[in-house]
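Hi everyone, thanks for coming. I'll walk you through one structure today, so have a look at the screen first.

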Amino acid sequence: MSVASKKSILVVGCGSIGERHLRCFLQTKRATVTACDTNPALLQRMAATYQVPTVSDWAVALASGAFQAAIVCTPAPFHVPIGQRALEAGVHVLIEKPLSNSLAGVAELLRARDRSRGQAAVGYTLHGYPVLVAAKTWLARAELGRIRQVVVTGGQPFHLLRPGYAQSYYRDRKSGGGAIQDALTHSVNWVESVVGPADSVLCDCAHQLLPGVEVEDTVHVSARHGDILANYTLNQFQPANETTIQFNAERGSVKIEFHRRRWGVFAEGATDWTWHEIPAMERDGPFLTQAHAFLDQLEGRPSTLCSLEAGAQTLRFNLAALASAQSGTRVHCRDLHE
Ligand SMILES: NC(=O)c1ccc[n+]([C@@H]2O[C@H](COP(=O)([O-])OP(=O)(O)OC[C@H]3O[C@@H](n4cnc5c(N)ncnc54)[C@H](O)[C@@H]3O)[C@@H](O)[C@H]2O)c1
């Protein structure tokens, strides 16, 4: 592909996930990439490692007219203002999850997208994992009848997976930290894409073990997605990095063992699970898939990514869970306001 036909991409925030996006967009060979960060040492490293140009001021870069799309990889409180400015400058956006840490500016962001007719998506990466794509595609056939219950159980040794978390945005809910906004939100967003948005949540959470922080590392949520009951539990300290998602329907169940990259069906009358194994992927794999999907979307192909509307709904779930944990009562997503 010639340089002229490649999309010109600005990666805003080149920390742990921004660097990964930068690398994956380069790997598509369909984009040129410029790194943007307020940290000069980080920019030097991006330039040296990937031979990309660098800029320090995202507002100046967006106004320059040099970029067709921006990947917003700063901590959550900056996502909406940067996303909005990008759309207003005629720049498409892929915004990292969670969409924000409050509803402030979210309605205006959607209006900016509509006014500009730009493309926008939220970087909930689970949409690019083949085991989840396969299970969701099968579930859409509704062969087991209506889904009645969803159970999600996950845990991980966060301190091993993300060294430095205690000095990052993770340490404070105000910057998007804690297990609800940072970790549980992935499963919630994906389950919402399968069974529809959650209406209400009852949440309990606490800091149980993760060293160096006081934010919640453990969450239990009982949610209703329409007339479907869902239960989510997550901790960020158990040694095993495992997530299991089970859908119980009228005539059987579908179980996804994310950590084993397999999904299975136990239909009425069966005596055991029938498993479907999915080959292993590189760590960058789902992010490369996401980069291609975003570039496809820019070229007018149907989006397979999380929409702004779906990202805003999952943000409501996050905020409802936090409010419920605070009040000890069930919180309805529709009752949340800016
Ligand atoms: N999709 C995923 O799997 C995934 C994984 C990790 C993080 N994330 C999300 O990505 C976002 C960033 O997370 P991270 O782990 O990369 O954080 P990080 O702290 O490692 O990196 C954030 C970067 O943003 C830069 N930054 C902050 N303000 C800026 C500004 N005004 N202009 C330019 N740069 C600025 C910081 O200097 C830093 O380098 C968070 O919202 C997080 O939840 C998503």
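Before I name any domains, a word on where they come from: the domain bounds are taken from an automatic or database domain assignment. Also keep in mind that what you're looking at is a predicted model.

Okay, the overall layout. The assignment splits the protein chain into domain 1, which is 3-126 + 286-303, and domain 2, which is 129-281 + 315-335. Notice that each of them is written as two stretches of the chain. If you take the C-alpha centres of domain 1 and domain 2, they lie 26 Å apart.

How do the two touch? On one side, 13 residues of domain 1 are in contact, and they meet 15 residues of domain 2. The side of domain 1 that touches domain 2 breaks down by class into 10 nonpolar, 2 polar and 1 charged residues.

Now, the ligand. Where does the ligand lie relative to the two domains? It lies between them, because domain 1 and domain 2 both give residues to the shell around it. That shell has 26 residues, and the closest are G13, G15, S16, I17 and E96. Which helix gives the most to the shell? That's helix α1, residues 16-28, with 3 residues. As for chemistry, the shell around the ligand holds 11 nonpolar, 11 polar and 4 charged residues.

Next, some backbone oddities. As background, most residues other than glycine have a negative phi, and most peptide bonds are trans. With that in mind, go to P98, in the loop between β5 (92-96) and α5 (106-116). The peptide bond joining K97 and P98 is cis, with omega about -15°.

Then there are two positive phi values to point out. Q51 is not a glycine, yet its phi is positive, about 50°. You'll find Q51 in the loop between α2 (40-50) and β3 (54-55). Buried or exposed, then, for Q51? Exposed: we count a residue that way at 12 or fewer other C-beta atoms within 10 Å, and Q51 has 8.

The other one is R117, also not a glycine, with a positive phi near 55°. R117 sits in the loop between α5 and β6 (120-123). R117 counts as exposed too, because it has 9 C-beta neighbours inside 10 Å.

So if you take one picture away, make it the ligand lying between domain 1 and domain 2, with both giving residues to its shell. Thanks, and I'm happy to go back to any of this.

Technical notes: Residues are numbered from 1 along each chain as its sequence is written. This is a predicted model: local features need pLDDT of at least 70, side-chain atom pairs count only at pLDDT 80 or more; totals for chains, interfaces and linings use all residues. A residue is near a molecule or strand if its C-beta atom, placed from the backbone, lies within 6 Å of it. Helices (H or I, at least four residues) and strands (E, at least two) are DSSP runs, numbered from the N terminus. Ala, Val, Leu, Ile, Met, Phe, Trp, Tyr, Cys and Pro count as nonpolar, Asp, Glu, Lys and Arg as charged, and the others, Gly among them, as polar. A residue is buried if 20 or more other C-beta atoms lie within 10 Å of its own, exposed if 12 or fewer, and partly exposed in between; C-beta atoms are placed from the backbone. Two residues are in contact if their C-beta atoms, placed from the backbone, lie within 7 Å.
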